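Here is my note on the structure you sent. Please keep the sequence and the 3D view open while you read the points.

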Amino acid sequence: MEKSICSVTFPTLLSGQSSDYLLSLINDVLDISRIESGNISYDPEPVNITAVTDSVLDITHGFTINRDLQLIVHRDEPETHYVLADEVRLREILINIISNAVKFTHDGGRITFETFRKPGTAPDNIIFGYRISDTGIGMSKEFASHIFDEFSQENSGARTQYQGTGLGMAITKRYVELMGGTITVESTKGKGTTFTVELPLTLADPIEKREAYTAPVQKRTTDLHVLMAEDNDLNAEIATMLLEDEGMHVTRAADGCEVVKMFKSHPASTYDVILMDIMMPVMNGYEATQAIRNMNRPDAGKVQIVAMTANAFAEDVVKCKEAGMDSHLPKPFKADQLIASIIAPKN
């Protein structure tokens with residue numbers, strides 16, 4: 001078993017304004033509704049389970065500002081790295097748990113991320129597990145027994161200062177169960193919390209794996225002008241840093257209405273690419289894209305528009321295409337995926 005210990009810092013979670021909170025709540029309610037109505041299917045594909053863990057840790061390390069927390073990592077690497085799984089939902093499960101650990105752990109505290117494996121019920125199966133522990137504020141036994149209920153929030157002590165929809169862990173549990181797995185929680189008030197996820201996974205042939213970005217695309221990144229519509233300050237800051245490191249020039253719009261005004265007020269061909277968040281106040285990404293495509297100017301139908309959204313279901317991809325977007329980049333994404341989406345040839 002590999003063991004690594006590192007001290008990292010995490011961002012102070014931004015206190016959301018009412019509109020941000022309501023948008024988040026609506027998104028979560030839609031996720032629950034889709035699950036309950038059976039509109040979310042589980043279509044596992046061959047993925048590298050080790051690479052999934054790497055991406056989760058990359059995301060965790062990416063938020064290393066303003067907080068003083070120790071991250072301890074224990075990894076039990078599987079003998080066969082490729083399994084059949086839903087990479088997007090698995091990553092969302094782990095990020096949901098980790099974000100709670102960060103939120104409810106004071107500076108100077110510790111978060112432990114552990115992977116483990118057990119034999120499956122057949123030779124081609126394994127049980128792959130994740131255990132995420134923190135030394136945070138913990139929760140009462142009464143609340144812990146309802147943590148996976150919809151709209152569950154503890155109404156006492158320090159937890160009330162953290163705004164949330166009360167649906168995150170309910171959705172996490174639904175996703176785990178969709179994969180045929182289990183999730184459990186142990187917590188002690190004032191001492192911390194441990195979540196354990198166990199997933200039955202079928203081994204896959206590495207040859208079956210379809211890499212998202214295999215063939216190098218020869219296209220310049222230096223001096224590309226990117227117009228980014230993103231209402232979350234932290235997301236915008238991170239994306240801007242990644243793109244500027246590649247030599248791009250980034251202009252940010254805080255909502256859909258602003259990105260339309262900025263595109264319209266600048267000469268044709270000012271922007272090479274528009275990165276379009278979907279859930280934004282004032283005007284959402286779909287409406288902003290349609291407004292740009294309908295402009296009477298030569299670059300309106302040609303400028304590359306990439307959707308950046310946490311909505312990763314098939315119907316969301318179709319909706320992006322129908323609105324006039326060229327491609328769809330599901331959040332959370334890695335730096336190379338963001339760059340690849342920008343330099344990919346426009347359809």
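1. Start with helix α5, and bear in mind that this is a predicted model. Six residues of α5 are worth finding in the view: M169, A170, I171, T172, Y175 and V176 are buried. An α-helix has 3.6 residues a turn, so residues three or four places apart point the same way. Keep that rule in mind as you turn the helix. The helix itself covers residues 168-178.

2. Stay in α5 and look at E177. Is E177 buried, exposed or partly exposed? Its relative accessibility is 43%, so E177 counts as partly exposed; the class lies between the cut-offs of 20% and 50%. Compare V176, which is buried. E177 also has a distant partner to check. E198 lies 21 residues away along the chain, and the two C-alpha atoms are separated by 10.0 Å.

3. Now step off the end of α5. Just after the helix comes G180, with a positive phi of about 80°. This one is a glycine. The next point deals with residues that are not.

4. Most residues other than glycine have a negative phi. Two residues here deserve a look on that count. S269 has a phi near 70°, a positive value, and is not a glycine. V282 also has a positive phi, near 70°, and is not a glycine either. Where do they sit? S269 is in the loop between α7 (256-265) and β11 (273-277). V282 is in the loop between β11 and α8 (285-293).

5. Are S269 and V282 buried or exposed? S269 has 56% relative accessibility, so S269 counts as exposed. V282 reaches 68%, so V282 counts as exposed too. The cut-off for exposed is over 50%.

6. Go back to helix α7 and find V259. V259 is buried, because its relative accessible area is 0% and buried means under 20%. Which residues does V259 touch, leaving out those up to four places away in sequence? They are L227, A229, A253, I274, M276 and A288. I274 and M276 fall within the range of β11, residues 273-277. A288 falls within that of α8, residues 285-293. One more distance helps here. V259 and G285 are 26 residues apart in sequence, yet 9.4 Å apart in space, C-alpha to C-alpha.

7. Next, the cysteines. How many disulfides does a search of the whole structure find? It finds zero. Two cysteines can be described by their cover. C257 has 22% relative accessibility, so C257 counts as partly exposed. C320 has 1%, so C320 counts as buried.

8. Look inside for cavities. The structure holds two of 30 Å³ or more. The second largest has a volume of about 30 Å³. Its lining is made of I49, T50, T53, R75, D76, E77, P78, T115 and F128. Helix α2 (residues 49-62) gives the largest share of that lining, three residues. By type, the lining divides into three nonpolar, three polar and three charged residues.

9. Finish with the whole chain. It has ten helices and 13 strands. Of its 347 residues, 47% count as buried. Among contacts with a separation of 6 or more, 73% come from residues 24 or more positions apart. The accessible surface is about 16,800 Å², and 51% of it belongs to carbon and sulfur atoms.

Technical notes. Residues numbered from 1 in each chain as written. Predicted model: local features only at pLDDT ≥ 70, side-chain atom pairs only at ≥ 80, totals over all residues. Heavy atoms only, no water. 1 Å grid on protein atoms, 1.4 Å probe; cavity = no way out; pocket = protein on both sides within 12 Å on 5 of 7 lines; lining within 4 Å. Points joined across faces, edges and corners; volume = space filled by probe spheres on them. Helix = DSSP H or I, 4+ residues; strand = E, 2+ residues; numbered from the N terminus. Nonpolar A, V, L, I, M, F, W, Y, C, P; charged D, E, K, R; others polar. Disulfide = S-S within 2.5 Å. Buried < 20%, exposed > 50% of the residue type's maximum accessible area, 1.4 Å probe, protein only. Contact = heavy atoms within 4.5 Å. Areas by Shrake-Rupley, 256 points an atom, 1.4 Å probe, with all protein chains shown as cover.
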